Amino acid sequence: MYKAIRLVLLLSLTAGATGCANVEPWVKPYERQYFADIVMSAERDPVAAAYLNHVFEAREGARGATGSHGGGCGCN
Amino acid sequence: MNTARQMLLACTLALSLPGLAAAAAAPGSAAPDFALAARDGGKVRLADLKGQVVMINFWATWCGPCRQEMPLLAQLNTKYEPLGFTLLGVNVEPDSAAAVSWLKGMPVTFPILFDTDSAVAGSFGVEGMPSTVFVDRKGQVRYIHRGYKPGDEAKYADMIRSLVKE
């Protein structure tokens, strides 16, 4: 029983130690145009997103840090 | 314990193999051959250029430094072409329309090739944009330059001069 546990532990340790060595950016440097694809944007419609952010800020009574403009100084 | 040690060794080997298999063109190894469609129609094959010093520049229109160095590469090409030197500009974009329209305003006379499925960029293991590979007269990769910053064209010229003399 202990032997089995030790083996599993050992296996997971090796997998953890060696697996990380091969992690590379999944998008290769010469494939970076795919980042500019429309599906990569968090907000498809900037006008609708700005409006929704405004509604959110009004509802929460706080602003800033949501991606909308304004630095959180309360002056805008 | 002995079996455990063997298991450990086997696991380490098995998990490190994919990393070894991904090794791409490195200085001192033979340049992987390719044949790509060129901008002026026709095809360009690397093996046909054996006996010449070949500089392969991987570029894209979305890459600022690539656009910046393009006129300088054109100058290098016209300067060293008579000495048995060829420059190949490999465009890595899946859609080459942007490259074709951008090049219309450029004084580029060297062959521009279209690597639309990134197979050649993959076989050379391009690790940054732009990447410039220098292949000597025997078809061996001699030097890989990653990126471009102003002044790098002097390094390119030094490399070309030393390879052309061989």
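**Exercise 1. Determine whether the length of helix 2 of chain A agrees with its number of residues, and state how far the helix is covered.**

Solution. Helix 2 of chain A runs over residues 46–60 and has 15 residues. Helices (H or I, at least four residues) and strands (E, at least two) are DSSP runs, numbered from the N terminus. The expected span is 1.5 Å times one less than the number of residues, which gives 21 Å here; the end C-alpha atoms are 21 Å apart, so the two values agree.

This is a predicted model, in which local features need pLDDT of at least 70, side-chain atom pairs count only at pLDDT 80 or more, and totals for chains, interfaces and linings use all residues. Residues are numbered from 1 along each chain as its sequence is written, and chains are lettered from A and ligands numbered from 1 in the order in which they are written.

For burial, count the other C-beta atoms, placed from the backbone, within 10 Å of a residue's own: 20 or more makes it buried, 12 or fewer exposed, and anything in between partly exposed. By this criterion, the count of buried residues in helix 2 of chain A is 0. Chain A as a whole has 2 helices and 0 strands, and buried residues make up 1% of its 76 residues. Just after helix 2 of chain A, Gly61(A) has a positive phi of about 70°.

**Exercise 2. Identify the buried and exposed sides of helix 5 of chain B, and what covers the buried residues.**

Solution. Helix 5 of chain B (residues 152–164) has 13 residues and should span 18 Å, which agrees with the 18 Å between its end C-alpha atoms. Its buried residues include Tyr156(B), Ile160(B) and Leu163(B). These cover an arc of only 70° around the axis, which puts them on the same side of helix 5; the arc is that of the directions from the helix axis to the C-beta atoms. On the other side, Ala154(B) and Asp158(B) are exposed. The cover over the buried residues includes strand 3, helix 2, strand 4, strand 6 and strand 7 of chain B.

**Exercise 3. Describe the largest nonpolar core and the elements that supply it.**

Solution. A nonpolar core is a set of buried Ala, Val, Leu, Ile, Met, Phe, Trp, Tyr and Cys residues joined through C-beta atoms within 7 Å. The largest has 37 residues, and those with the most contacts inside it are Val54(B), Ile56(B), Phe58(B), Val90(B), Ala121(B), Val135(B) and Ile160(B). At least two residues each come from strand 3, helix 2, strand 4, strand 5, helix 4, strand 6 and helix 5 of chain B. Strand 3 of chain B gives the largest share, 6 residues.

Now take Ile56(B). Contact requires C-beta atoms, placed from the backbone, within 7 Å. Beyond its neighbours within four places in sequence, Ile56(B) is in contact with Leu88(B), Val90(B), Val133(B) and Val135(B).

**Exercise 4. Trace the antiparallel pairings of strands 1 and 6 of chain B.**

Solution. Two strands pair if DSSP finds at least two bridges between them. Strand 1 (residues 35–38) is joined antiparallel to strand 2 (residues 43–45) by 3 bridges, and to strand 5 by 2 bridges, also antiparallel. Ala37(B) illustrates both pairings: its bridge partner in strand 2 is Lys43(B), and it stands opposite Phe114(B) in strand 5. The hairpin of strands 1 and 2 has 4 residues between the strands, and Gly41(B) there has a positive phi near 80°.

Strand 6 (residues 131–135) and strand 7 (residues 141–146) run antiparallel and share 5 bridges. Phe134(B) stands opposite Tyr143(B). Their hairpin has 5 residues between the strands, with Gly139(B) at a positive phi near 85°.

**Exercise 5. Locate the unusual backbone geometry in two loops of chain B.**

Solution. Most residues other than glycine have a negative phi, and most peptide bonds are trans. Ser118(B) has a positive phi near 60° and is found in the loop between strand 5 and helix 4. Ser118(B) is partly exposed, because 17 other C-beta atoms lie within 10 Å.

A cis peptide bond, with omega about -10°, joins Met129(B) and Pro130(B). Pro130(B) lies in the loop between helix 4 and strand 6, as does Glu127(B). Leaving aside neighbours within four places in sequence, Glu127(B) is in contact with Pro29(A) and Arg146(B).

Methods
Two residues are in contact if their C-beta atoms, placed from the backbone, lie within 7 Å.
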